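Biologist: I would like a close look at one sheet and at what surrounds it. Please keep the account to what can be computed from the coordinates.

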Amino acid sequence: MDIRKIKKLIDLMIESDLQAIEVKEGDQSISLTRPTPVYAAAAVAAAPSVAAPAPAAKTPRGAVESSPMVGVFYAAPSPGEAPFVNVGQTVSAGETLGIIEAMKIMNPIEATKSGVIEEILVKNGEVIQFGQPLFRYRA
């Protein structure tokens with residue numbers, strides 16, 4: 001991949017405030033990530049969770065499916081259709097849980113394990129980041 005294209009990708013990341021981007025061009029691919037900035041507001045937002053012991057005491061159990069890329073999450077195959085999965089639904093390994101649109105390409109997100117969906121951690125149409133948890137399920 002040409003260094004000028006890589007510099008343009010870096011500029012795009014900075015302009016759009018993206019944390020990660022992955023581009024595939026034929027047999028070549030490049031993945032760029034930036035460290036997540038830590039803001040003082042994050043410490044302030046964390047303080048109320050210390051005051052409320054109930055959420056802090058709850059330890060999430062089960063498998064978590066995380067986003068393999070940056071993009072827009074879609075819970076259903078198209079608008080107006082039923083979502084791929086619902087809370088309480090049993091899924092098998094390899095079953096489609098949702099779709100991430102990245103660079104006009106629809107990428108299916110598949111379950112890596114079989115289990116029961118306990119929580120859907122993102123909303124339909126939400127912009128998600130690389131590594132962001134999407135689903136939690138009990139294996």
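Biologist: In what order do the strands stand in the open sheet that contains β6, and is the pairing parallel or antiparallel?

Modeller: The model is predicted, so local features are restricted to pLDDT of at least 70 and side-chain atom pairs to pLDDT 80 or more, while totals for chains, interfaces and linings use all residues. Residues are numbered from 1 along each chain as its sequence is written, and side-chain values use heavy atoms, with hydrogens and water left out.

The sheet is open and has 4 strands in the order β7-β6-β4-β9, with antiparallel pairing. β7 and β9 (127–128) are its edges; each has a single partner strand, so one side of each lacks a neighbour in the sheet. Strands here are DSSP runs of E with at least two residues, helices are runs of H or I with at least four, and both are numbered from the N terminus. Two strands count as paired if DSSP finds at least two bridges between them. Within this sheet, β4 and β6 are joined by 3 bridges and run antiparallel. Phe 73 stands opposite Ile 100 in β6.

The sheet also bears on the largest pocket, which has a volume of about 520 Å³. On a 1 Å grid over the protein atoms alone, a pocket is an open set of points with protein on both sides within 12 Å along at least five of seven lines, whereas in a cavity a 1.4 Å probe fits but cannot get out; lining residues have an atom within 4 Å of a point. Grid points are joined across faces, edges and corners, and the volume is the space filled by probe spheres set on them. The lining of this pocket holds 23 residues, with Glu 22, Met 69, Val 70, Ala 102 and Met 103 nearest its centre. Two or more residues come from each of β1 (20–25), β2 (28–33), β4 (71–74), β6 (96–102) and β7 (105–110). β1 is the largest contributor, with 5 residues. By type, the lining divides into 15 nonpolar, 4 polar and 4 charged residues. Here Ala, Val, Leu, Ile, Met, Phe, Trp, Tyr, Cys and Pro count as nonpolar, Asp, Glu, Lys and Arg as charged, and the others, including Gly, as polar. Domain 1 (3–33) and domain 2 (64–138) each supply at least three lining residues; the domain bounds come from an automatic or database assignment.

Strand β1 can be followed further. Glu 22, one of the residues nearest the pocket centre, meets Lys 24 in a salt bridge, at 4.0 Å from N to O. A salt bridge is a side-chain nitrogen of Lys or Arg within 4 Å of a carboxyl oxygen of Asp or Glu. Glu 22 is partly exposed at 39% relative accessibility, and Lys 24 is exposed at 64%. The class limits are under 20% relative accessible area for buried, over 50% for exposed, and partly exposed in between, with a 1.4 Å probe and protein chains only. Val 23, also in strand β1, is buried at 9%. Its C-alpha is 9.8 Å from that of Ile 6, and the two residues are 17 apart in sequence. Lys 5 and Glu 25 form another salt bridge, with 3.3 Å between the closest N and O atoms. Lys 5 belongs to helix α1 (residues 3–16) and Glu 25 to strand β1, so this pair ties together parts 20 residues apart in sequence.

For comparison, a second open sheet of 4 strands has the order β3-β10-β8-β5, with antiparallel pairing. Its edge strands are β3 and β5 (90–91), each pairing on one side only. β3 (residues 63–66) and β10 (residues 133–138) pair over 4 bridges, with Ala 63 opposite Tyr 137 in β10. Another 4 bridges join β8 (residues 115–120) to β10, and 2 bridges join β5 to β8. Glu 119 stands opposite Arg 136 in β10, and the side chains of this pair form a salt bridge at 3.0 Å, N to O. Arg 136 lies in β10 and Glu 119 in β8, so the contact ties together parts 17 residues apart in sequence. Arg 136 is buried at 9%, whereas Glu 119 is partly exposed at 30%. Both belong to a network of salt bridges that also links Glu 118 and Arg 138. The whole structure has 5 salt bridges.
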